[in-house]
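Here is a short tour for anyone who likes to think in contacts and geometry. Please have a look at the sequence and the model first, and then we can go through the details together.

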Amino acid sequence: MTRVFNFSAGPATLPEAVLRQAADEMLDWHGSGMSVMEMSHRGKEFIAIHAQAESLLRELMNIPTNYKVLFLQGGAIGQNAFIPMNLLRGKTSADYINTGEWSKKSIKEAKKYCSVNVAASAEADNFTSVPKQETWKADPNAAYVHICSNETIGGVEYHWTPDTGAVPLVADMSSNILSHPIDVSHYGMIYAGAQKNIGPAGLTIVIVREDLIGNALPITPSVFDLKQQADNDSMLNTPPTYAIYIAGLVFQWIKAQGGLTAMETHNRAKAAVLYDYLDSTSFYSSPIAREDRSLMNVPFKLRDEALDEAFLKGAQARGMIQLKGHRSVGGMRASIYNAMPIEGVQALVDYMKEFEKNHG
Ligand SMILES: *Cc1c(COP(=O)(O)O)cnc(C)c1O
C-alpha cells in the first residue's frame, strides 16, 4: 500500500494512526459486535463515544464550562445562516470583517437576515492581508462581530485575537481550529466544518457561550436552534455518528502528540520549511503579507504560469496530490493541516527545488 501526500484543502488528509484504528474497529467496536455506523445514537456505546469526543475537545481547547459544545450538520456554510438566526438576539445588524472568499460567503448569507456592516475589508489589497483592528469601523450596537480566522482559499490567517469588547466575537475556524492554542473565553462563538483539520465531512463543530443562545428567530429550523440542540446534547435528531467517532479518534491523536502546543510547534516548523524556501527564490512567490500568512494553507505562484501544468504533473508522479490553487486565485496551494507530516512538506520543497533547477 502506498499513501500519497495529500495537500487537499478539504476534505483533507487524516492521521494514518487514526485511519488504522478505525479500520481495526470497523466490524466490531470494542466487543460490541457492531460497527460504529450501525449503532443506535441513543445506545450506551455511542453515548460513550459522543461524550468522550466532547470531553477530549473540551480538554484540548480548554473550553470554559459556560460554553456549549455542539456536534451538528450543515457545514460552515450552514452556520452562515444559523449564526444570524441564533445570535441577533433582537438586534438588527452585525459586523463582518471581509478577508476573502469565505468571509464574502458569510456576508452574503447574513444579509438575508440582518443588515451587515462590513467593518473592515482587505479587498483593496486583493485579500493579501488581515485588516489591523485600528482600521475597523465597528458598530457598538452590532449583535456580534464575525471573522474568518483562516481564509482557506486566499491563505491569510489572524495571528492575533481581535478585542471586540462587549460585542461577541464569532469566528469561522473551519481551517485552523486545533492548529494552535487559543483562549476560547475571547469568543462568543466558534464554528468549524470538520473536514479540514478534524475529521470526515458531515460534522460541524459549534462552541458557543451559553448566555448567547435561547433567542433564535422564530423561523430557525429546530435542528439549527443552538439552544434546542444544546438542551438535547446535539441529539435533537440523529447526529453524524461515524464522523463524531472519527473526530474523537483525531482528538485522542492530538492529545497523544502533546496537545495544541505541540500542534503549533509542529505547524510552525512545517510552514517555515515552505515559506523559507518561497522567500529564497524568485522562481516561486507567495502573495501574502508576511505577518498574515496562513500556517495551514499556503498559496504560491510559479513565475511562469505556463509551467503550472508540468509542475502539477510532476508532483502527482511523485505521490503529491491536490496542489492546484483554487480557481479564484490560480497558481498552487499546499494545505498543510495538523495531519500533514513534515516529511510531506519536505518532499514538496525538494520537488520544488528540483523543478526550479530543471525549468528555472
Ligand atoms: C471549507 C470552509 C467552509 C465551508 O465549509 P462546508 O463544511 O463546506 O460548509 C467555510 N469556511 C471556511 C473557512 C472553510 O475553509
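Which backbone atom lies 2.9 Å from an oxygen atom of the ligand? It is a backbone N or O atom of Ile 77. Please keep in mind that this is a predicted model.

**The ligand and its surroundings**

Two side chains also offer polar atoms to ligand oxygens: Gln 195 does so at 2.9 Å, and Lys 196 at 2.5 Å. The protein covers 85% of the 380 Å² of accessible area that the ligand has on its own. Here are the three contacts side by side.

| Residue | Protein atom | Ligand atom | Distance |
|---|---|---|---|
| Ile 77 | backbone N or O | oxygen | 2.9 Å |
| Gln 195 | polar side-chain atom | oxygen | 2.9 Å |
| Lys 196 | polar side-chain atom | oxygen | 2.5 Å |

Where does the ligand sit? Its place is in the largest pocket. The residues around the ligand include Gly 75, Ala 76 and Ile 77, and among the others are Trp 102, Cys 148, Asn 150 and Thr 152. Further along the chain, Asp 172, Ser 174 and Ser 175 also belong to this group, as do Gln 195 and Lys 196. By type, the shell holds 4 nonpolar, 6 polar and 2 charged residues. Helix H3, which spans residues 75-87, gives the most to this shell, with 3 residues.

**A small sheet**

Now to another part of the chain. An open sheet is formed by 3 strands in the order S9-S10-S12, with antiparallel pairing. Its edge strands are S9 (284-285) and S12 (332-335), each of which pairs on one side only. Between S9 and S10 (residues 297-302), the antiparallel pairing runs over 2 bridges. If you would like a spot to zoom in on, Tyr 284 stands opposite Leu 302 in S10. As a general reminder, strands of a sheet pair through backbone hydrogen bonds, either parallel or antiparallel.

**Two backbone details worth a check**

Most residues other than glycine have a negative phi, and most peptide bonds are trans. Against that background, which two residues are joined by a cis peptide bond? They are Gly 10 and Pro 11, with omega at about -10°. Pro 11 is found in the loop between strand S1 (5-6) and helix H1 (16-24).

The other detail concerns Asn 62: although not a glycine, Asn 62 has a positive phi of about 55°. This asparagine lies in the loop that runs between helix H2 (44-61) and strand S2 (67-72).

Conventions. Residues are numbered from 1 along each chain as its sequence is written. This is a predicted model: local features need pLDDT of at least 70, side-chain atom pairs count only at pLDDT 80 or more; totals for chains, interfaces and linings use all residues. Side-chain values use heavy atoms; hydrogens and water are left out. A residue is near a molecule or strand if one of its heavy atoms lies within 4 Å of it. A polar contact is a pair of N or O atoms within 3.5 Å; within protein, one must be able to donate a hydrogen and the other to accept it, and residues adjacent in sequence count only if both atoms are side-chain atoms. Accessible areas come from the Shrake-Rupley method with a 1.4 Å probe; for residues, only the protein chains shown count as cover. On a 1 Å grid over the protein atoms alone, a cavity is a set of points where a 1.4 Å probe fits but cannot get out, and a pocket is an open set with protein on both sides within 12 Å along at least five of seven lines; lining residues have an atom within 4 Å of a point. A molecule sits in a cavity or pocket if more than half of its atoms lie within 2 Å of its grid points. Helices (H or I, at least four residues) and strands (E, at least two) are DSSP runs, numbered from the N terminus. Ala, Val, Leu, Ile, Met, Phe, Trp, Tyr, Cys and Pro count as nonpolar, Asp, Glu, Lys and Arg as charged, and the others, Gly among them, as polar. Two strands pair if DSSP finds at least two bridges between them.
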